[in-house]
Amino acid sequence: MKTSILAWAALCAAPMPSLAAPADPNPRISAIVSEISPARIESTIRTLAAFGTRNSLSDTVSETRGIGAARRWIKSRLDECARASGGRLEVSFDPHHVESGSRVPRPTDFVNVVATLPGEQPESRSRVYVVSGHYDSMPTSPTDGESDAPGANDDASGTAVSMELACVMSRHHFDATLVFMTVAGEEQGLYGSTGFAKDARAKGLDVQGMLDNDIVGNTRSAEGAIDQGRVRLFAQGVPPMKELPDDVLAALRTGGENDLPPRQLARAVAAAARTYVPGLRVQTVWRRDRFLRGGDHFPFLAEGYPAVRFTEPVENWNHQHQNVRVENGIQYGDLPEFVDFGYVAQVARVNAAALASLALAPAAPKEARIEALRLESDTTLSWAPNAEPDLAGYRIVWRATTAPDWEHAKDVGNVTRATLHVSKDDYAFGIEAYDREGNVSPAAYPLPLLPRRPPVVK
Ligand SMILES: [Zn+2]
């Protein structure tokens, strides 16, 4: 008895592989990341800023100024990339009409430009990942459609990320479907993204991840300090709702508040960044967004889709939502001269690595369960088999309940049930699926499989 306890203790104390180290890179994903072009991103941002204003209430008829000219240019660029992809990238306008609102003084069409790259594996095609930036801009007043609002950082930077990814990634092939979106009406109240997210839910679209890029181009604080080494990734935990959905409640009953889909998505994004973009650290922030701010990931979260937001490390509010002017020797306005184009390219590389990893990998395992049928010190997990033909196996990951990221992993092969000599009471678990190429899914949080009649516990 004593021997077996000691042996068991030794097993538990044995060093387990740490997951903080980057995984082996997939050469296909490395190639995609290497094709991101800082020069093309700079050119996109300068062109967008040169439309004068892209306010959603600005001119829609002019060919040189206003939001109409801007969106026609975005579509024409994406159409070129669609031709280069052999017609696989599908580009369209996605209009949403709004009659009135607090920042919508007259009936307005908010028109997204959406580029879709359909997945090529039948079992994965219905699984969708969205990357988005908003191409509308605002000067000091959100309803001022006349004044200059170059919006170079907010959010030509995120728009350029989405467009660059559309053009680079449409030259490659993925299992799941990718949607590269640039949306309007963000500054008016998230109208473009809300329209898309509501339609997606109504159509039953299986959006398994949405990456919002908004204000991803400034690396210099108002005091002059420079930080180019990190990007913030905002990831919501428990949704702030009066009545929670059943699946959220079920996860909360076993301490799963940090394992809901947006945080699993954020872990997968940060892991891809560690492997493919070691020069840029993803600093995950466990909240929905910064104080007093919001973004196009909100409507996706509201529809129950996992969505996260990228934003630069330090912000300079003299260059956001400001009329272009000089006051007391200070230049105000969101001008291209304040954008760090090389940094935007780094953020684009992180997005590309994350999206490619997600769209090449199998889906996260479904019906993940942690058996709680009796009191025991082992942990038994089970899940439904994945449908992808290139699926190779499953990996169990776990961490202390107070740790932010996975600490341990065990490859259990191509099975649908596995037992670990680790106490489920002390750790948070996840189940990942991987394919023959080594692409790994985000982790699925196992909900408890309970006995029909719970035992009496004292
Ligand atoms: Zn913005």
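A strand here is a DSSP run of E with at least two residues, numbered from the N terminus. The model in all of these views is predicted.

**View 1. A307 in strand β8 and what surrounds it.** A307 belongs to β8, the strand that covers residues 307-311. With a relative accessibility of 1%, A307 goes down as buried. Skip the neighbours within four places in sequence, and you'll find A307 touching M210, P262, L265, H297, F300 and L301. G295 is twelve residues away from A307 along the chain, and 10 Å separates their C-alpha atoms.

**View 2. Helix α9, with two of the contacts of A307.** Helix α9 runs over residues 261-276. Its 16 residues reach 22 Å from first C-alpha to last, close to the 22 Å expected at 1.5 Å a residue. Twelve of those 16 residues are buried, so the rest of the structure largely encloses α9. Among the buried ones are P262 and L265, and both of these are in contact with A307. The buried set also includes charged-letter entries R263 and R267, along with Q264, T275 and Y276.

**View 3. Helix α3 and its buried face.** Here's α3, twelve residues from 38 to 49. End to end, C-alpha to C-alpha, α3 reaches 16 Å, close to the 16 Å expected at 1.5 Å a residue. I41, T44, I45, L48 and A49 are its buried residues. Look down the axis of α3 and they fall within an arc of 130°, so they line one face of the helix. That pattern goes with a general rule: an α-helix has 3.6 residues a turn, so residues three or four places apart point the same way. The packing partners of the buried residues in α3 are α4 (67-84), α5 (156-169) and α11 (341-360).

**View 4. The zinc ion and its protein donors.** Zoom in on the zinc ion and you'll see H134 giving NE2, D154 giving an OD atom, and D214 appearing twice, each time through OD. These donors lie 2.0 to 2.7 Å from the zinc ion. Angles among the four donor atoms run from 52 to 146°, and the site is classed as irregular. Four donors would count as tetrahedral only if all angles lay between 85 and 135 degrees.

**View 5. How the zinc donors sit along the chain.** In sequence, the donors of the zinc ion are spaced H-x19-D-x59-D. H134 and D214 link distant parts of the chain, 80 residues apart. H134 sits in strand β3 (residues 127-134), while D214 is in the loop between β5 (206-213) and β6 (230-235). H134 is buried, at 0% relative accessible area, and D214 also counts as buried, at 1%.

Notes:
Residues numbered from 1 in each chain as written. Predicted model: local features only at pLDDT ≥ 70, side-chain atom pairs only at ≥ 80, totals over all residues. Heavy atoms only, no water. Donors = N, O, S within 2.8 Å, 3.2 Å for Na, K, Ca; no water. Tetrahedral: all angles 85-135°; square planar, octahedral: opposite > 155°, others 65-115°. Helix = DSSP H or I, 4+ residues; strand = E, 2+ residues; numbered from the N terminus. Buried < 20%, exposed > 50% of the residue type's maximum accessible area, 1.4 Å probe, protein only. Expected span 1.5 Å × (residues − 1). Arc of directions from axis to C-beta. Contact = heavy atoms within 4.5 Å.
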